[in-house]
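Q: Please take a close look at a single helix of this model and at the residues that surround it. A connected account of burial and contacts would be appreciated.

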Amino acid sequence: MFKKINMSIKGWIFAVVIFLLAVYFGFINFHYAGIKMIEINFLFTDFAIYFKELVMVIFFLVIYLLFSMIPSKKFMMIPNLFLLMSAGQSLVQFYYTLPRLNILGSIAEFIITLSILGMAYSFSSISFDVMDNFNENSGGTFLGKWTNQVNSSLMKHWQMPLISILIYVILVSITVVTGVIK
């Protein structure tokens with residue numbers, strides 16, 4: 001299920017630095033907004049949010065796949081930047097739920113963070129698989145070969161993205177985040 005992503009040391013360092021910067025700026029943002037803690041409640045009835053979050057995640061997957069048309073793995077950090085920043089912000093929200101002792105909310109926020117990181121990993125894995133296995137020598141147009149490779153990569157790696165997407169969509173759709181200012 002977990003395939004090693006062949007990314008350079010510089011790429012991994014860049015990803016970790018972006019994630020840590022997102023966490024740092026999240027703390028700064030919450031500090032200057034005066035937010036001392038976050039309360040997370042659960043609301044199961046707003047079905048429009050399920051659809052909105054699902055469309056947003058599919059949009060990110062399409063962006064990753066479009067970036068796989070560029071034959072350099074360095075450009076994959078552009079879509080990763082946004083997901084890593086979202087994961088960093090979600091981790092900050094997890095931290096701010098801890099003083100409220102909202103155990104279920106804290107667990108939900110931590111799982112959301114892990115699902116965002118899982119999406120970044122699995123989307124990158126699919127895109128890298130498209131780049132690595134794209135065959136320039138086979139017949140057909142560039143777009144046709146790319147589409148065939150995307151279909152092959154999605155069929156090969158469908159489990160982890162599907163699990164990450166479902167967990168993210170369900171948990172983000174049912175949680176309501178409220179900041180407590182003191």
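A: The account below follows one helix and then turns to two serines elsewhere in the chain. The model is predicted, and the description should be read accordingly.

Helix 6 covers residues 159-174, which amounts to 16 residues. From its first C-alpha to its last it reaches 23 Å, close to the 22 Å expected at 1.5 Å a residue. Its buried residues are Met160, Pro161, Ser164, Ile165, Tyr168, Val169, Leu171, Val172, Ser173 and Ile174. In general, an α-helix has 3.6 residues a turn, so residues three or four places apart point the same way. The cover over the buried residues of helix 6 includes two strands, strand 1 (35-42) and strand 2 (175-181), together with helix 2 (47-67) and helix 4 (103-133).

Within helix 4, Ser115 offers a detailed view of this packing. Leaving aside residues up to four places away in sequence, Ser115 touches Ser164, Ile167 and Tyr168. Of these partners, Ser164 and Tyr168 are among the buried residues of helix 6. Ser115 is itself buried, because its relative accessible area of 5% falls under the 20% limit. Its side chain also reaches the backbone oxygen of Ile112, at 2.8 Å.

A second serine, Ser86, belongs to helix 3 (residues 77-97). Ser86 has a relative accessible area of 33% and is therefore partly exposed, as this value lies between the 20% and 50% limits. The C-alpha atom of Ser86 is separated by 9.0 Å from that of Leu117, a residue 31 places away along the chain.

Conventions: Residues are numbered from 1 along each chain as its sequence is written. This is a predicted model: local features need pLDDT of at least 70, side-chain atom pairs count only at pLDDT 80 or more; totals for chains, interfaces and linings use all residues. Side-chain values use heavy atoms; hydrogens and water are left out. Helices (H or I, at least four residues) and strands (E, at least two) are DSSP runs, numbered from the N terminus. Buried means under 20% relative accessible area, exposed over 50%, partly exposed in between (1.4 Å probe, protein chains only). The expected span of a helix is 1.5 Å times one less than its number of residues. Contact means heavy atoms within 4.5 Å. A polar contact is a pair of N or O atoms within 3.5 Å; within protein, one must be able to donate a hydrogen and the other to accept it, and residues adjacent in sequence count only if both atoms are side-chain atoms.
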